[in-house]
Amino acid sequence: MVKITLKDGTVHEYEVPMSAADITKEISMGLYRNACSCKINGEVRDLRTVIDSDCTLEVLTFDDEDGKKTFNHTASHIMAQAVKRLYPNVKLTIGPAIDSGFYYDFDTETPFSPEDLEKIEKEMKKIVKEGLEIEKFELDPADAIKMMEEKNEPYKVELINEHAEKGEPISFYKQGEFTELCAGPHLMDMKVVKAFKLTNCTGAYWRGDAKNKMLCRVYGTAFPKASMLEEHLQMLEEAKKRDHRKIGKELELFTIMEEGPGFPFFLPKGMVLKNTLVDYWREIHREAGYDEIQSPMMLNRALWERSGHWDHYKENMYTTVIDDTDFAVKPMNCPGGILVYKTKMHSYKDLPLRMGELGLVHRHELSGALHGLMRVRCFTQDDAHIFMTREQIKDEIKGVVSLIDKVYSTFGFEYHIELSTQPEDSMGAKEDWDIATDALRDAITELGYDYEVNEGDGAFYGPKLDFHLTDCLGRTWQCGTIQLDFQLPERFELEYVGSDGEKHRPIMIHRVVFGSIERFIGILTEHFAGAYPVWLAPVQVKLLPIADRHLDYLYDVKKMLEAKGIRCEIDDRSEKIGFKIRSAQLEKVPYMLLAGDKDIENGTISVRSRKNGDEGATTMDAFLARILEEIERKAL
């Protein structure tokens, strides 16, 4: 008999050995029918896993993130099987689950067309109806390689060869005639994959390396219910309408040209939006006790070697040679902030020292990964670095969390927090990592926040808290982060003089709120569909004369608005007023002020708002009080 502890804390005893699937059946047949995979002692496992000792068991369904990944991973195998049935000469590579569904990369002579995707979908439906049993088995590396060579799957052979060095058995999943190299986990029954859609097809290099062959990547998504798929597809359609690249072009905010792929150009209205965000950033950071600095965009190789970035990040850095010395364009701001700290000796009375920087950084991204403002090669990172004593760590973390909460609340975002722990590729002593991880955990726990643990995803120099925003479509975006660093102060021999007169090593926090100004603009654009709150809108008021004779009156109105700092434009085109109103609506301007003969006679203006439409006539004093109050409180 072994004791199985469930998620709710209840303990059950079972005869062993039993698979996790059989134990789930014993607990509840309803739960078993909805189960995708499980966690055994916190590790995601296949339900086929045999349990033979005391453990904790958590059954994962589609409602759980890891359960959903298992579901989508199985769907990717069904797609690969369909492709091999229809196009036997296609070579298989990899097909993982991703946040939005799944994809599979195929080596094919010609990319799949929309018609091909329809055929593949139909074949997938046939496979699901066949109800093929999904079986897992293992082979030793030599037999695994032999099997894949016989199937003429060179990419699988390459993958097996890499794992063969460990000497461990190689696992496969089989469904009917289709056998796939895979570590799992997978569903017990493919019949539950009742609704799916192949969404698009793109190119992707094998292993993301431009030196390798271009493959055909097919994206898809899958759900246990047709209604869930329909809801998801509607969300995708809405997302297309909100695509920041489309809106950015329509509202004349930014553009990316072929002369600079991944390097955005901000147009005048886009610069208004960007500078408004920057002004807000400076305002809240002054209030929170930060000093603003600026470090050079390019620094020598010795600095990046000392910081560890040359070893851990070189492939993403742009480098050059100046006066026979290697230099790198900065991919992040922290080494520059450290050099600023070192410009003089600090006392414990100076700490905590909070230094903010809106630094333009450059990172080499593959062309296939570039996406509007969301993934670029240069961006403004709203960095800050806090230097502190060990005793100040928890309070400083709490301060940053409160600041981030204030900012996200201003934009109406909800968010969740992830605690990312020590990765394999890290530097420093485990003891320091444990202290840093505990400090982050204790700080957010004391503030009353829930969090998820993301094992092994910390920065190479320290653990971190990541803040994931949820937009109006339910999508999540990782923006803010708080990284606690014991390592770089050690590497750069940072010091302060303590109350005992001795020299001590400070601790360092790296943190961002927006993450990237450019990316945050992309997120805001899609969240608001370009209809920014009045305080953010590049044009806050559009002035529309009914006829040309009303222009002089509106020019006086424009002067009054501009004197109060309100951004406005006059549409002086010789067009009918209905045309001008429609144009302003397409520009998503918060307010339109119209003027006709009665307005001039009464000294009023007629208001149309984006939210309420025609609101009738009012005085300029009343309108000014209204819009200034909205701007002041940053109304949504």
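**Exercise 1.** Which residues of the largest nonpolar core touch the most other members?

*Solution.* Keep in mind that this is a predicted model. Start with the membership: the largest nonpolar core has 58 residues. Next, pick out the ones that touch the most other members: Ile397, Tyr408, Phe411, Leu484 and Phe520. Then ask who gives the most to this core; that's helix α13 (residues 393-410), with 8 residues. There is also a second, separate core of 36 residues, with Phe71, Val83, Val128 and Phe196 among them.

Now zoom in on Phe411. Skip its neighbours within four places in sequence, and its contacts include Leu277, Tyr280, Phe514 and Phe520. Trp535, Leu536 and Leu636 are also in contact with Phe411.

**Exercise 2.** Work out how helix α18 (residues 577-586) sits against its surroundings.

*Solution.* First, list the buried residues of α18: Lys580, Ile581, Ser583 and Ala584. Second, check how they are spread: they lie on the same side of α18 because they cover an arc of only 160° around the axis. Third, flip to the face turned away from that buried side, and you meet the exposed residues Arg582 and Leu586. Last, see what the buried residues pack against: β32 (541-545), β34 (591-595) and β35 (605-609).

**Exercise 3.** Hunt down the unusual backbone spots in some of the loops.

*Solution.* Here's the yardstick: most residues other than glycine have a negative phi, and most peptide bonds are trans.

- Phi: Ala529 has a positive value of about 55°. You'll find Ala529 in the loop between α16 (517-528) and β32. With the cut-off for buried at under 20%, Ala529 counts as buried because its relative accessible area is 17%.
- Phi again: Lys588 is near 60°, in the loop between α18 and β34. At 25% relative accessibility, Lys588 is partly exposed.
- Omega: the bond from Gly184 to Pro185 is cis, with omega near 0°. Pro185 belongs to the loop between β13 (178-181) and β14 (195-205).
- Omega again: Leu351 and Pro352 are joined by a cis bond, omega about 5°. Pro352 is in the loop between β22 (346-347) and β23 (353-362).

**Exercise 4.** Describe the second largest pocket and what lines it.

*Solution.* Begin with the space: about 430 Å³. Then count the lining, which comes to 17 residues. Nearest the centre are Arg33, Asn34, Ala35, Val192 and Pro224. Sort the lining by class and you get 10 nonpolar, 2 polar and 5 charged residues. Finally, trace the elements: α2 (29-34) and β4 (35-40) each supply at least two residues, and the largest share, 3 residues, comes from α2.

Key
Residues are numbered from 1 along each chain as its sequence is written. This is a predicted model: local features need pLDDT of at least 70, side-chain atom pairs count only at pLDDT 80 or more; totals for chains, interfaces and linings use all residues. Side-chain values use heavy atoms; hydrogens and water are left out. On a 1 Å grid over the protein atoms alone, a cavity is a set of points where a 1.4 Å probe fits but cannot get out, and a pocket is an open set with protein on both sides within 12 Å along at least five of seven lines; lining residues have an atom within 4 Å of a point. Grid points are joined across faces, edges and corners, and a volume is the space filled by probe spheres set on the points. Helices (H or I, at least four residues) and strands (E, at least two) are DSSP runs, numbered from the N terminus. Ala, Val, Leu, Ile, Met, Phe, Trp, Tyr, Cys and Pro count as nonpolar, Asp, Glu, Lys and Arg as charged, and the others, Gly among them, as polar. A nonpolar core is a set of buried Ala, Val, Leu, Ile, Met, Phe, Trp, Tyr and Cys residues joined through side-chain atoms within 4.5 Å. Buried means under 20% relative accessible area, exposed over 50%, partly exposed in between (1.4 Å probe, protein chains only). Contact means heavy atoms within 4.5 Å. The arc is that of the directions from the helix axis to the C-beta atoms.
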